[in-house]
Amino acid sequence: MEEFLNFVRENIVGIILIGVGLLCYVGNIYVFVSNRKRKAHVSGIPLLGAILVLAGGLLTSCKWLALLALFDPSLIALFQSIHYGRNLDKMLEKRYADFLSKHGFTLRLEDPQKQITSEIHYENREIPHIQTRPYITNQPFMFGYPWAVMLIGEKDGKRFLILDTGTDGNIKKLEPEKVRILDFSEDSIRLHDIADYLLGDVEIRIEKKTPEE
């Protein structure tokens with residue numbers, strides 16, 4: 001016990017930094033679990049815990065304590081973000097390939113003069129969330145948060161909006177029962193409360209592409 005107390009006294013600064021860093025770990029885990037339960041998004045403090053633990057460990061006489069920095073949960077999230085960022089388009093295309101083929105959406109068209117715009121007016125938010133994408137049929141893209149996925153499909157001379165609200169903010173096995181195929185012949189559609197995690201008014205429209213200045 002005396003040796004432990006001597007270690008604490010001699011390395012008090014490093015131990016404090018490690019302690020604060022570990023609290024950051026706990027805070028980030030709490031935020032992650034809370035986001036999953038509430039289907040909302042509150043940012044944690046990525047890598048701060050790892051930096052504090054690394055610095056604290058290096059300041060103590062037991063340098064191996066710095067290895068605790070590798071257990072920062074935000075490191076896992078960082079690696080996941082890098083992986084998804086590099087492979088997201090391929091993962092989404094694979095997710096919907098069979099569904100599109102089954103429903104006859106095999107025609108892939110692109111119009112450089114048009115763009116797809118989604119405008120979400122969330123409940124209790126004054127500023128709408130607006131996203132734009134090039135007009136390419138059968139190309140999935142995410143919108144909102146937690147995100148849903150939309151695709152534009154064309155067949156038999158008609159245009160359709162394919163809306164998937166079964167994502168739950170994650171890339172996982174497709175749930176066909178949560179995918180809706182809506183008539184989109186008017187090039188604009190208004191929806192309301194499309195999912196329990198995406199409440200409010202949603203407008204999706206095809207419009208002329210804004211010229212780049």
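In this predicted model, Cys24 is a good place to begin: with a relative accessibility of 17%, Cys24 falls under the 20% limit and therefore counts as buried. Cys62, at 23% relative accessibility, lies above that limit and so counts as partly exposed. As for covalent links between cysteines, a search covering the whole structure returns zero disulfides.

Helix α2, which spans residues 12–38, offers a pair of contrasting positions. Ile18 has its place in this helix, and its relative accessibility of 9% is the reason Ile18 counts as buried. Along the chain, Ile18 and Leu54 are 36 residues apart, yet their C-alpha atoms are separated by 7.6 Å. Val13 also lies in helix α2, but here the relative accessibility is 52%, so Val13 counts as exposed. Val13 belongs to a nonpolar patch on the surface, together with Ile12, Ile16, Val20 and Leu59. The accessible area of these residues together is about 440 Å². Helix α2 supplies the largest share of the patch, namely four residues.

Turning to the strands, one open sheet is built from four of them in the order β2-β1-β8-β7, with antiparallel pairing. Its edges are formed by β2 (129–136) and β7 (188–192), each of which pairs on one side only. From one strand to the next, the twist averages 15°. Within this sheet, strand β1 (residues 110–122) and β2 are joined in the antiparallel sense over eight bridges. Two positions help to fix the register: Ile116 stands opposite Arg133 in β2, and Ile120 has His129 of β2 as its bridge partner. The hairpin of β1 and β2 has six residues between the strands, and Asn124 in this hairpin takes a positive phi near 65°. For readers following the side chains along these strands, it is worth recalling that in a regular strand they alternate between the two faces of the sheet.

A further open sheet, again of four strands with antiparallel pairing, follows the order β3-β4-β5-β6. Here β3 (141–143) and β6 (179–183) are at the edges; each has a single partner strand, so one side of each is left without a neighbour in the sheet. Direction ignored, neighbouring strands of this sheet are turned by 30° against each other on average. The pairing of β3 with strand β4 (residues 148–155) is antiparallel and runs over three bridges. One of the pairs is that of Phe141 and Met150, the latter being the bridge partner in β4.

Charged side chains add another layer to the picture, with a count of nine salt bridges. Arg159 takes part in two of the contacts described here. The side chains of Glu154 and Arg159 meet in a salt bridge with an N to O distance of 3.3 Å. Which side of the burial limit do these two residues fall on, buried or exposed? Glu154 has a relative accessible area of 17% and is therefore buried, and Arg159, at 14% relative accessibility, counts as buried too. Arg159 also forms a salt bridge with Asp187, where the closest N and O atoms are 2.4 Å apart. This pair links distant parts of the chain, since Arg159 is in strand β5 (residues 158–164) and Asp187 is in the loop between β6 and β7, 28 residues apart. Asp187, with a relative accessible area of 24%, is partly exposed.

Another salt bridge brings together the side chains of Arg190 and Glu203, at 3.6 Å from N to O. Distant parts of the chain are linked here as well: Arg190 is in strand β7 and Glu203 in strand β8 (residues 200–208), 13 residues apart. The environments of the two partners contrast nicely. Arg190 is exposed, with a relative accessible area of 66%, whereas Glu203 counts as buried because its relative accessibility is 15%. Both residues belong to a network of salt bridges that also links Glu119, Arg205 and Glu207.

Methods:
Residues are numbered from 1 along each chain as its sequence is written. This is a predicted model: local features need pLDDT of at least 70, side-chain atom pairs count only at pLDDT 80 or more; totals for chains, interfaces and linings use all residues. Side-chain values use heavy atoms; hydrogens and water are left out. Two strands pair if DSSP finds at least two bridges between them. Axes are lines fitted to C-alpha atoms, for helices over the stretch in contact, and angles run from 0 to 180 degrees between N-to-C directions. Patches are made of residues with over 30% relative accessible area and no salt bridge: like charges are joined within 9 Å, nonpolar side chains (Val, Leu, Ile, Met, Phe, Trp, Tyr) within 5 Å. Accessible areas come from the Shrake-Rupley method with a 1.4 Å probe; for residues, only the protein chains shown count as cover. A salt bridge is a side-chain nitrogen of Lys or Arg within 4 Å of a carboxyl oxygen of Asp or Glu. Buried means under 20% relative accessible area, exposed over 50%, partly exposed in between (1.4 Å probe, protein chains only). A disulfide is a pair of cysteine sulfur atoms within 2.5 Å.
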